[in-house]
Amino acid sequence: MPEGDTVWHTAVLLRDALAGKTLTRCDVRVPRYATVDLAGQVVDEVLSRGKHLFIRAGGASIHSHLKMEGSWKVNPLSKPSRAGHRIRIILETADIQAVGIDLGVLEVLDRAQDSDVVAHLGPDLLGADWDPQVAVRNLTAEPHRRLSDALLDQRVMAGVGNVYCNELCFVTAYLPTTPVSRVKDPLRMVQRARDMLWLNRSRWNRTTTGDTRRGNQLWVYGRAGEPCRRCATPIEVDRGGERVSYWCPVCQT
C-alpha cells in the first residue's frame, strides 16, 4: 500500500531516470489532458509532497497520487511496459520509459500553481518543511477525535497511511479508537511517525519491527488472528469502517 515513504522513494526513482533529460514522448491517457504533449521539454525537477508526486518540465507539472493501487515504473526503452490498459501516462527519453500505472489522480498543471493542490497538507514527514511542533498542534486540535482518524488526516501531517497508522498505534500502546485527548505525549507520537517513514524511505520492503524478512516486517497490520509479537495474544481486526484497523487487545489500551 503506497504511503509517504513509497512516494518519496518513487520520486527518487523517477528523478534518477528523468531529471535533466529531454522528453521524446508524452502520452497522457486521461481524456481531459489527452492533447497535452510535453515532448521536447526537459524534466528539471521531480519531487514528492506527502503522498503527492510532481514531475516538472518546462511550464508544466505532472501531478499524480498513487491512492491504493497506483505505481510508477521505469524501464529501458528497449523493454517497454506491458501493463496495457492500466497505463495512464507514458514518458520517454532517448533511453528510458517511465509509466504511471493505475494512478488514482493524474493531472497536468501550470507549474506556477502546482503547489495549490497540496496547500492544505500538514508538515511533510519526509520533507524539508517537517516541523514536529506544528504536527503536534494539528494532532491535538480536536481532542475528542479518534486517534486513527487524526493520524490519517493529511492536514495533520502528510505521509501517514493505514499501515503506519496501525503500526503507530501499536508501538505507542494506544487503541486506534482512543481519543486524541488521551495521548499523553503527542510529541513522541509524531516523532515516531517521522522515524518510521524516515527509516523506510529508501527501501520497498517496509518494516516497522526492524526485521526485513518476509512475514516479520509489521507488528499488527494484516495480522488478524496471528499472535502478537510481544504477548502472543491474537491480533484483532475491525473491517467495518472505511479503513481496516488492527490491534492487540493486551498491549494497546
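**Exercise 1. Find how strands β6 and β7 pair, and place them in their sheet.**

Step 1. Strand β6 covers residues 87-92 and strand β7 covers residues 96-101. Helices (H or I, at least four residues) and strands (E, at least two) are DSSP runs, numbered from the N terminus. This is a predicted model, in which local features need pLDDT of at least 70 and side-chain atom pairs count only at pLDDT 80 or more, while totals for chains, interfaces and linings use all residues. Residues are numbered from 1 along each chain as its sequence is written, and side-chain values use heavy atoms, with hydrogens and water left out.

Step 2. Count the bridges. β6 and β7 are joined antiparallel by five bridges. Two strands pair if DSSP finds at least two bridges between them. One bridge sets Glu92 opposite Gln97 of β7.

Step 3. Widen the view. The open sheet has four strands, ordered β1-β6-β7-β5, with antiparallel pairing. At its edges stand β1 (25-28) and β5 (71-76), each pairing on one side only. From one strand to the next, the twist averages 15°.

Step 4. Add the helix. α1 packs on this sheet and touches β5, β6 and β7. Its direction makes about 30° with that of β5. Contact means heavy atoms within 4.5 Å. Axes are lines fitted to C-alpha atoms, for helices over the stretch in contact, and angles run from 0 to 180 degrees between N-to-C directions.

**Exercise 2. Trace the sheet that contains β2, β3, β4 and β8.**

Step 1. Read the order. It is β2-β3-β4-β8, an open sheet with antiparallel pairing. The edge strands are β2 (43-49) and β8 (105-110), and each of them pairs on one side only. On average, neighbouring strands are turned by 20° against each other, direction ignored.

Step 2. Take β2 and β3. Six bridges join these antiparallel strands. Arg49 faces His52 of β3. Two residues lie between the strands in this hairpin, where Gly50 has a positive phi near 60°.

Step 3. Move on to β3 (residues 52-57) and β4 (residues 60-65). They also pair in the antiparallel sense, over six bridges. Arg56 has Ser61 of β4 as its bridge partner.

Step 4. Bring in helix α1 (residues 4-18). It packs on this sheet, touching β2 and β3. The direction of α1 makes about 175° with that of β2.

**Exercise 3. Describe the crossing of helices α2 and α5.**

Step 1. Locate the helices. α2 spans residues 132-139 and α5 spans residues 186-200. Their axes come within 9 Å and cross at roughly 115°.

Step 2. List the contact residues. From α2 come Pro132, Gln133, Ala135, Val136 and Leu139. From α5 come Pro186, Leu187, Met189 and Val190.

Step 3. Sort them by class. The contact has eight nonpolar residues, one polar and no charged. Ala, Val, Leu, Ile, Met, Phe, Trp, Tyr, Cys and Pro count as nonpolar, Asp, Glu, Lys and Arg as charged, and the others, Gly among them, as polar.

**Exercise 4. Decide whether helix α4 is enclosed or open to the surface, and explain why.**

Step 1. Count the buried residues. In α4 (residues 162-171), 10 of the 10 residues are buried, so the helix is largely enclosed by the rest of the structure. Buried means under 20% relative accessible area, exposed over 50%, partly exposed in between (1.4 Å probe, protein chains only).

Step 2. Find the neighbours. The buried residues, including Tyr164, Cys165 and Phe170, pack against α1, α3, α5 and β10 (245-247).

Step 3. Look just past the helix. Ala173 follows α4 and has a positive phi, near 70°.

**Exercise 5. Compare Ser148 with Arg213: is each buried or exposed?**

Step 1. Ser148 sits in helix α3 (residues 147-152). Ser148 counts as buried because its relative accessibility is 5%. Beyond its neighbours within four places in sequence, it contacts Cys165 and Pro176.

Step 2. Arg213 lies in the loop between α5 and β9 (236-238). Arg213 counts as exposed because its relative accessibility is 55%. Its C-alpha atom is 26 Å from that of Lys51, 162 residues apart along the chain.
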